[in-house]
Amino acid sequence: MKMLRHSKKNVLAVVILVGVLCILNFLIAGRFISHEADPEELTLRAERLVSKESWLEQGDYLPLNVSYQVLAGAPPAQQRYLSIGLSSVKRKKGSYLIPTLKSLFFQSSPEERSSMVVVVLLADFDVTWRVTTTREIKTTFALELEQSQLVVLHVPQDQYPSVTGLKRNYNDAPERVSFRSKQNLDYSFLIHYSASLGRYYLQLEDDVSSAKYFLSTIRRHVEEHEAKKTTWAMLEFSVLGYIGKLYKSAHLPLLARFLFLFYQEMPCDWLMSRFRELLTQKEPIVFKPSLFQHIGTYSSFQGTYNKLKDKDFEEAFYTNPLAEVYSDMSTYKNHHPQLAWEPGEGFFWGRSPENGSYLTVVFKAPTVVTGIFVETGSEGKDVLESAEVEIGRDVMSTEKGEKSCEEFLSVGTLENGRFEKHELDKKDSFSSSCLRIKVSAGQKDWVIIQKIRISTKPSLIPHQP
């Protein structure tokens with residue numbers, strides 16, 4: 001009898017030990033399985049992929065335990081170049097999630113879409129809204145879901161720490177503190193899930209529009225910056241909020257935990273600045289023109305009116321061909337004429353132009369110009385008041401040692417310092433070699449030419465492997 005009781009105790013001990021080990025494995029292993037499928041919410045079981053690039057997850061340090069419900073789509077089997085994360089909640093006024101997703105996909109080439117995966121966290125606890133939104137996404141983006149270019153997630157409410165009764169830092173109202181603290185947790189969970197899906201991660205909000213071929217532009221800037229071999233933790237492709245912020249995937253597990261640990265301290269865009277500094281990037285690295293524009297009219301917080309816009313946003317993809325730029329206007333400091341033609345924040349700044357003064361762009365190769373956009377002035381000052389916009393052909397050398405064209409054709413005049421015209425090839429479909437801005441009346445004020453942009457035919461989509 002004693003042996004039998006001893007044997008039963010051993011068996012019980014083994015059962016308890018196995019149970020404890022299973023629990024520890026769940027808590028530490030870093031693999032987070034979703035709840036059972038809820039038929040009302042169309043939920044699928046899924047596992048979060050563990051990042052192999054982070055020391056946090058390689059050693060199972062600081063486990064962040066959260067269960068995910070995958071509402072639509074599935075993560076790609078192989079890592080993509082870019083994962084894009086956005087969190088969405090039910091708004092009192094307006095809804096911008098579907099237009100935001102349409103912009104992301106429709107502004108991208110097929111090659112770009114195959115190089116990215118968009119992760120949407122439906123972070124509202126209203127089940128009716130989630131079901132309706134998920135069905136709309138499934139209807140609108142069936143192909144993107146099928147090709148693992150889009151994944152829709154939810155994290156149940158019981159996975160969140162408290163977002164009420166928190167510290168009122170900066171004397172914010174309790175409702176504001178709860179909203180921004182919940183938002184930090186949303187981003188933490190979203191970033192945590194996305195850690196292994198792409199080589200780089202782009203943070204967006206659910207109310208933005210995208211520039212044409214934004215992924216190719218991001219890829220080019222990353223390659224240029226990596227070639228400099230300088231330390232960076234965050235590249236910014238918009239100056240607004242938590243929009244257009246790019247991270248290395250290896251940093252995401254750390255960022256997710258950082259947002260989680262300090263979720264009640266300050267807004268997410270303040271936290272991300274602190275995170276950048278902690279990773280030894282002292283100054284922001286901002287690229288212009290911006291690739292993303294805020295389109296929301298009403299805030300997700302209490303439906304308040306929000307007119308925030310990024311003044312450096314350019315929706316059209318930069319397609320200016322290679323060219324040389326000349327001007328007879330006296331240049332101020334280093335604001336050379338070429339800067340108005342090239343992408344970025346540079347501009348041409350010239351002293352008082354006279355009647356007949358010019359800025360001439362000479363293309364490296366003849367091209368059919370289909371559209372022209374010219375913007376002058378800055379905050380209402382240094383505007384070019386009167387000028388013709390011309391295209392020319394037959395390149396020649398001038399007595400000044402510059403290049404120009406033998407003949408020019410006027411396509412219009414500046415109005416209020418701006419010029420914009422499209423479908424130029426419908427009227428005159430010939431190859432041009434020059435574009436010229438010719439002053440038609442002198443002015444005492446100096447002149448700033450912010451940007452000169454053209455579209456050409458054919459408009460080539462950059463191929464990205």
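1. A definition to start with: helices (H or I, at least four residues) and strands (E, at least two) are DSSP runs, numbered from the N terminus. With that numbering, Asn 416 sits in the loop between strand 15 (403-413) and strand 16 (418-421). Please keep in mind throughout that this is a predicted model.

2. Asn 416 deserves a look for its backbone. Its phi is near 55°, a positive value in a residue other than glycine. Most residues other than glycine have a negative phi. Is Asn 416 buried or exposed? Asn 416 has a relative accessible area of 78%, and the cut-off for exposed is over 50%, so Asn 416 counts as exposed.

3. Tyr 213 makes a good companion case. Phi of Tyr 213 is also positive, near 55°, and again the residue is not a glycine. Tyr 213 belongs to the loop between strand 6 (208-210) and helix 8 (214-227). Here the relative accessibility is 9%, so Tyr 213 counts as buried, the limit being under 20%.

4. Now the overall picture. The protein has 11 helices and 18 strands, and 49% of its 465 residues are buried. Of the contacts between residues at least 6 apart in sequence, 77% join residues at least 24 apart.

5. Helix 5 (residues 127-140) is a nice one to check by arithmetic. How far apart should its ends be? At 1.5 Å a residue, its 14 residues should span 20 Å, and the end C-alpha atoms are indeed 20 Å apart, so the two values agree. At the N-terminal end, Asp 126 acts as a cap: one of its side-chain oxygens lies 3.0 Å from the backbone nitrogen of Thr 128.

6. Which residues of helix 5 are buried? They are Trp 129, Arg 130, Val 131, Thr 133, Thr 134 and Ile 137. The elements that cover them include strand 1 (69-72), strand 2 (80-88), helix 3 (97-106), strand 3 (116-122), helix 6 (142-146) and strand 4 (150-154).

7. Helix 3 can be followed further. Its axis is 11 Å from that of helix 5, and the two pack at an angle of about 30°. Angles under 35 degrees count as roughly parallel, so that is how helix 3 and helix 5 run. Their crossing is right-handed. On the helix 3 side, Leu 97, Ile 98, Leu 101 and Lys 102 take part, meeting Thr 133, Glu 136, Ile 137 and Thr 140 of helix 5.

8. For contrast in direction, try helix 7 (residues 174-194) and helix 9 (residues 252-261), whose axes come within 8 Å and cross at roughly 160°. With the limit at over 145 degrees, helix 7 and helix 9 are therefore roughly antiparallel. This crossing is left-handed. Residues of helix 7 that meet helix 9 include Leu 185, Tyr 187, Phe 189 and Ile 191; among their partners in helix 9 are Leu 252, Leu 255, Leu 259 and Phe 260.

9. Two buried polar residues round things off. Gln 281, in the loop between helix 10 (268-278) and strand 9 (285-286), has 3% relative accessibility and so counts as buried. A polar atom of the Gln 281 side chain lies 2.7 Å from the backbone nitrogen of Ala 233. Beyond neighbours within four places in sequence, Gln 281 is in contact with Trp 232, Ala 233, Met 234 and Arg 276.

10. Glu 236 lies in strand 7 (residues 235-236) and is buried, with a relative accessible area of 8%. Leaving aside neighbours within four places in sequence, its contacts are Gly 244, Lys 245, Pro 284, Ile 285, Val 286 and Phe 287.

Key: Residues are numbered from 1 along each chain as its sequence is written. This is a predicted model: local features need pLDDT of at least 70, side-chain atom pairs count only at pLDDT 80 or more; totals for chains, interfaces and linings use all residues. Side-chain values use heavy atoms; hydrogens and water are left out. The expected span of a helix is 1.5 Å times one less than its number of residues. Buried means under 20% relative accessible area, exposed over 50%, partly exposed in between (1.4 Å probe, protein chains only). Contact means heavy atoms within 4.5 Å. A polar contact is a pair of N or O atoms within 3.5 Å; within protein, one must be able to donate a hydrogen and the other to accept it, and residues adjacent in sequence count only if both atoms are side-chain atoms. Axes are lines fitted to C-alpha atoms, for helices over the stretch in contact, and angles run from 0 to 180 degrees between N-to-C directions. Angles under 35 degrees count as roughly parallel, over 145 as roughly antiparallel, 65 to 115 as roughly perpendicular and the rest as oblique. A crossing is left-handed if the near helix is turned anticlockwise from the far one by less than a right angle, and right-handed if clockwise.
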